[in-house]
Amino acid sequence: PLSSVERSILERIAGEMRVDENGAFVDLACGLGGSALWIAQRTGARVVGVDFSEVAIREAARLARELKMQARASFVVADVTRTGLPSSAFAGVMSVDALQFVDAEAATAEIARVLRPGGRAVIATWEAVTDVEVPTVVRDYRPYVEVAGLTVSRVEVDAGARAREYAHYRAMSRRAESLRAEMGEAAEPILGEAESMLRRENDPPRVRKVLIVAEKPA
């Protein structure tokens, strides 16, 4: 319930990572694996998805089998700050709407560790604009990325993210009964999230979505 991603963003991530059939990338906090597999299909690269949820990893592996991609896609249960993956082994690292929920220093250090020299990280995440309840959300990820040893090429604010987010919540609210019919009890958390966010739609924004592109020096 905490994330949605548009095709345009996935295309941007794929292009910025610069991976191809000769390389492999990591998707940190990959969830059900859809984003990782879409980019692997588009680029021809191999992918390793990492998530702490055994349920998510099981579903991601099932999707890879359905797409006949199990030879190029693998998924592991691990903390994104301690993946257990080999060092300096990957041409790219991606993550979508997850970095804000983990320790920024540990996460960026792990990204730098698994990237090979010349490898690129592309991270879509949220930065705090004012005080927020989640202590792991920071105001600026750039210093953490640089301390980890990566060179930041750009940090872009996604100005349209808030409007897209609330359009998504309104659509969920309008379709509440059909979602309950389709999903049963599993619909309640996402509907609760939608209702909670819509009550705060006119409040000043407390976070902003950013896209961070960084490279490990060759």
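A crossing of two helices is right-handed if the near helix is turned clockwise from the far one by less than a right angle. I note this meaning before opening the model, which is a predicted one.

**Entry 1: the sheet.** I traced the strands. Seven of them form an open sheet with mixed pairing. I wrote down the order as β3-β2-β1-β4-β5-β7-β6. Next I checked the edges. β3 (73-77) and β6 (151-157) stand there with a single partner strand each, so one side of each has no neighbour in the sheet. Neighbouring strands are turned by 15° against each other on average, direction ignored.

**Entry 2: one strand pair.** I looked up β1 (residues 24-28) and β4 (residues 90-96). They pair in the parallel sense over three bridges. Val26 stands opposite Val93 in β4.

**Entry 3: helix α1.** I moved to α1, residues 7-17, which packs on the sheet. α1 touches β1, β4, β5 (115-128), β6 and β7 (207-215). Its direction makes about 155° with that of β4. I listed its buried residues: Ile9, Leu10, Ile13, Ala14, Glu16 and Met17. Just after α1, Arg18 takes a positive phi of about 60°.

**Entry 4: α1 against α2.** How do the two helices cross? I found that α1 passes α2 in a right-handed crossing. Their axes come within 10 Å and cross at roughly 55°. The two helices are therefore oblique to each other. On the α1 side, the contact uses Arg7, Leu10, Glu11, Ile13, Ala14 and Met17. On the α2 side I noted Ser35, Trp38, Ile39, Arg42 and Thr43. These contact residues divide into six nonpolar, two polar and three charged.

Key: Residues numbered from 1 in each chain as written. Predicted model: local features only at pLDDT ≥ 70, side-chain atom pairs only at ≥ 80, totals over all residues. Heavy atoms only, no water. Pairing = 2+ DSSP bridges. Helix = DSSP H or I, 4+ residues; strand = E, 2+ residues; numbered from the N terminus. Axes fitted to C-alpha atoms, helices over the stretch in contact; angles between N-to-C directions. Contact = heavy atoms within 4.5 Å. Buried < 20%, exposed > 50% of the residue type's maximum accessible area, 1.4 Å probe, protein only. Parallel < 35°, antiparallel > 145°, perpendicular 65-115°, else oblique. Nonpolar A, V, L, I, M, F, W, Y, C, P; charged D, E, K, R; others polar.
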